[in-house]
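Me: I have some questions about how certain terms are applied to a model. Please set each value against its definition.

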Amino acid sequence: MPAQSTTHTLLSASVVAEEKRQRHKRFSLLAPGILTIFCIGIMPLSIVLIYSVLEPGDYGGVSWVLSFDAYVQLLFEEDIFDETLTFTTSFLQIFLRSIGLGLFTTIACLLIGFPTAYFIATQPVKRRNVWLFLITIPFWTNLLIRTYAMLLILRDQGVVNLSLIKIGLIDKAIPILYTDFAVGLGLVYAYLPFMVLPIYASLEKLDFRLVEASYDLYATRFKVLKRIIIPLAKPGIAAGCILVLIPSLGAFITPAILGGGKSLMIGNLISLQFGQARNWPFGSAIALVLMVIVMLSLLTYLRSSARKGLTHD
Amino acid sequence: MKNKILTMIMALGLTFTMGTVSAAGELHVYNWGNYTNPDMIKKFEEKHGIKVTIDSYDSNETMLAKVEQGGSGYDIVVPGDYMIAIMIKKGLLERVEPNKMSNFKNVDSKWVNVYWDDGRNYSIPYQWGTTNFTVDSSVYKGDVNTLALMFDPPAELKGRINMLKDMNDVINAGLRYLNYPRCNSNKAQLKELNNMLIKAKTDWRTMDYSVIEKLTSKDVDLSQSWNGAAKRARKDRPELVYSYPKEGFTGWMDNVAVLKGAPNIENAKLFMNFMMTPEAAAMTSNFANYANGIIGSEPHMNTELTSAPEIVMPASAPAPEFVPPCAQEVTDLYAKIWTNLNK
């Protein structure tokens with residue numbers, strides 16, 4: 001553009017002015033968005049970051065003294081007896097439990113979700129929509145209400161136990177509720193659609209002539225699945241896994257209601273620090289560490305998928 | 001276009017400033033949710049021609065955080081006992097001297113010299129209750145007045161217990177069971193407490209605030225509980241008995257207080273004086289289901305309330321203990337024990 005400007009000075013001046021106006025317009029259109037992100041995203045996060053490197057104030061709040069105790073506390077603790085600083089596993093255990101629960105949910109959702117998605121994708125087009133519609137029905141109801149419904153089904157006096165007793169299979173209610181099994185079941189139930197939908201989206205685009213061709217080349221069913229279908233559905237599988245893993249990492253309601261609250265989740269641990277433990281810096285530090293873990297795993301995924309995008313070209 | 005936006009912004013700004021400027025004849029009450037009797041407020045409004053607005057919070061800590069920010073615009077708050085002590089220390093409450101008001105004679109003398117506001121220069125009683133446990137007497141037939149049922153339960157109660165998911169309530173009950181003092185920083189004693197709780201936890205089924213639902217669904221047969229919740233659970237499960245353990249138990253009291261620099265301070269004082277009338281106190285009790293500490297309120301209270309063993313303590317029960325806020329080092333130790341117990 002500058003090359004032409006020498007010949008058409010007048011015209012270019014108006015072009016420059018127009019450019020300028022456009023830029024202004026674009027900026028003012030963006031401004032509300034940027035302002036919102038700054039006000040409700042970056043600013044509160046900065047406060048959390050600052051609070052995490054201060055000392056706890058009397059009865060909650062912070063006192064303005066720089067201290068990295070909150071982060072040290074995450075990994076080390078003064079022994080209640082001999083006052084030596086030792087490696088603590090309490091918080092690690094709570095983090096690991098949340099992560100373990102997330103992984104279990106993801107794997108179970110994948111094992112159930114993949115065949116479901118495959119089944120829907122291989123149906124006639126008209127019927128596919130009906131199946132998809134059925135998959136999304138649970139979303140019409142609030143998660144809290146669905147979790148309470150699970151509670152009613154699983155409890156000692158619930159549908160499962162009462163009908164088993166009626167059939168005569170058992171004569172005393174078996175405790176299903178308030179176990180890790182109940183929590184896992186609740187999480188899988190809640191997040192299954194997040195796995196089915198992305199996998200379906202990638203299977204729907206799959207060219208089934210490739211499958212036929214591999215059969216023609218004497219591939220076994222397992223080989224077709226392993227070498228043709230799964231590689232082609234990979235983007236959907238990856239997206240599904242992320243969509244299930246991240247919300248189940250921070251799951252709060254489901255473990256609290258179906259697990260009976262006997263073990264802390266990361267969310268409970270954070271709220272404890274801002275409430276009764278009166279240690280806001282520590283609560284801020286835990287919240288930030290959780291966020292960094294989630295962000296790192298997201299970034300890893302994005303980078304690996306970006307690299308794959310490059311090799312495809 | 002520009003002008004329109006400008007006008008809108010100005011109008012918005014105006015509404016904000018109007019919100020903070022106090023008109024005469026207003027009162028802003030900040031109370032726990034579902035805890036203020038609307039009929040009682042109506043009566044106050046009619047008597048004094050004051051317009052009352054009510055906003056609610058769900059924990060003392062939430063209320064403190066909001067009030068500490070300043071500019072909340074509230075006149076009246078209703079903090080728990082330990083929170084009154086903290087707020088006086090932080091200079092957040094106005095010294096309105098309710099002890100010199102005309103209706104102060106109605107306040108039961110045992111609620112005047114309290115640790116959180118000795119002589120009542122800042123606050124008056126609103127509602128009070130106890131934190132104990134309630135147990136199904138058809139499942140466990142022995143003596144219910146001992147903490148052993150929670151910490152060393154008999155066979156019929158093993159795996160049938162719900163504890164409150166509350167650090168202070170669980171730890172204080174444990175300390176009483178071991179006969180050690182509250183706000184304890186003795187590490188040997190705390191170690192013993194830690195081990196006792198870990199062992200007892202294997203007999204607990206759940207740790208949850210939803211006491212009533214846990215009991216009425218028969219998920220558990222014993223639950224640590226506030227007295228009001230125990231009474232409501234008994235409605236659905238008449239076999240429930242509220243325990244007053246011989247080792248002692250926690251009492252709590254919510255108190256009406258005026259915020260420092262309240263915009264409507266004279267109206268707030270009128271409200272405080274009104275809240276000490278037996279009629280107003282009884283109306284609050286009938287709504288919130290707890291005792292109130294105002295003498296002469298019983299005749300105005302529902303008989304269902306005055307005849308409930310959860311609300312009216314038997315003479316044989318030990319006096320409830322009001323636990324002051326512990327020092328930060330103690331709270332840090334408690335938080336470690338609690339986290340360790342829940343990991």
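Reply: Go ahead. In this predicted model, the secondary structure of chain B consists of 13 helices and 11 strands.

Me: What makes the radius of gyration of chain B agree with that of a compact globule?

Reply: The globule rule is 2.2 Å times the number of residues to the power 0.38. For 343 residues this puts a compact globule near 20 Å, and chain B has 22 Å, so the two agree. Along the principal axes, the C-alpha atoms of chain B fill a box of roughly 75 × 50 × 40 Å.

Me: How many of the residues of chain B count as buried?

Reply: The count is 46% of the 343 residues. A residue qualifies if 20 or more other C-beta atoms lie within 10 Å of its own.

Me: Why is the set of 85 residues called a nonpolar core?

Reply: Because its members are buried residues of the listed types, such as Ala, Tyr, Met and Ile, joined through C-beta atoms within 7 Å. It is the largest such core, and the residues with the most contacts inside it include A:A117, A:Y191 and B:M150. Helix α8 of chain A, residues 180–204, gives the most to this core, with 13 residues. Another core, of 48 residues, lies apart from it and has B:V52 and B:M276 among its members.

Me: Which residues does A:A117 touch, leaving out those up to four places away in sequence?

Reply: They are A:V196, A:I199, A:Y200 and A:L203. A contact requires C-beta atoms within 7 Å, so each of these four pairs with A:A117 meets that cut-off.

Definitions and conventions. Residues are numbered from 1 along each chain as its sequence is written. Chains are lettered from A and ligands numbered from 1 in the order in which they are written. This is a predicted model: local features need pLDDT of at least 70, side-chain atom pairs count only at pLDDT 80 or more; totals for chains, interfaces and linings use all residues. A residue is buried if 20 or more other C-beta atoms lie within 10 Å of its own, exposed if 12 or fewer, and partly exposed in between; C-beta atoms are placed from the backbone. Helices (H or I, at least four residues) and strands (E, at least two) are DSSP runs, numbered from the N terminus. Two residues are in contact if their C-beta atoms, placed from the backbone, lie within 7 Å.
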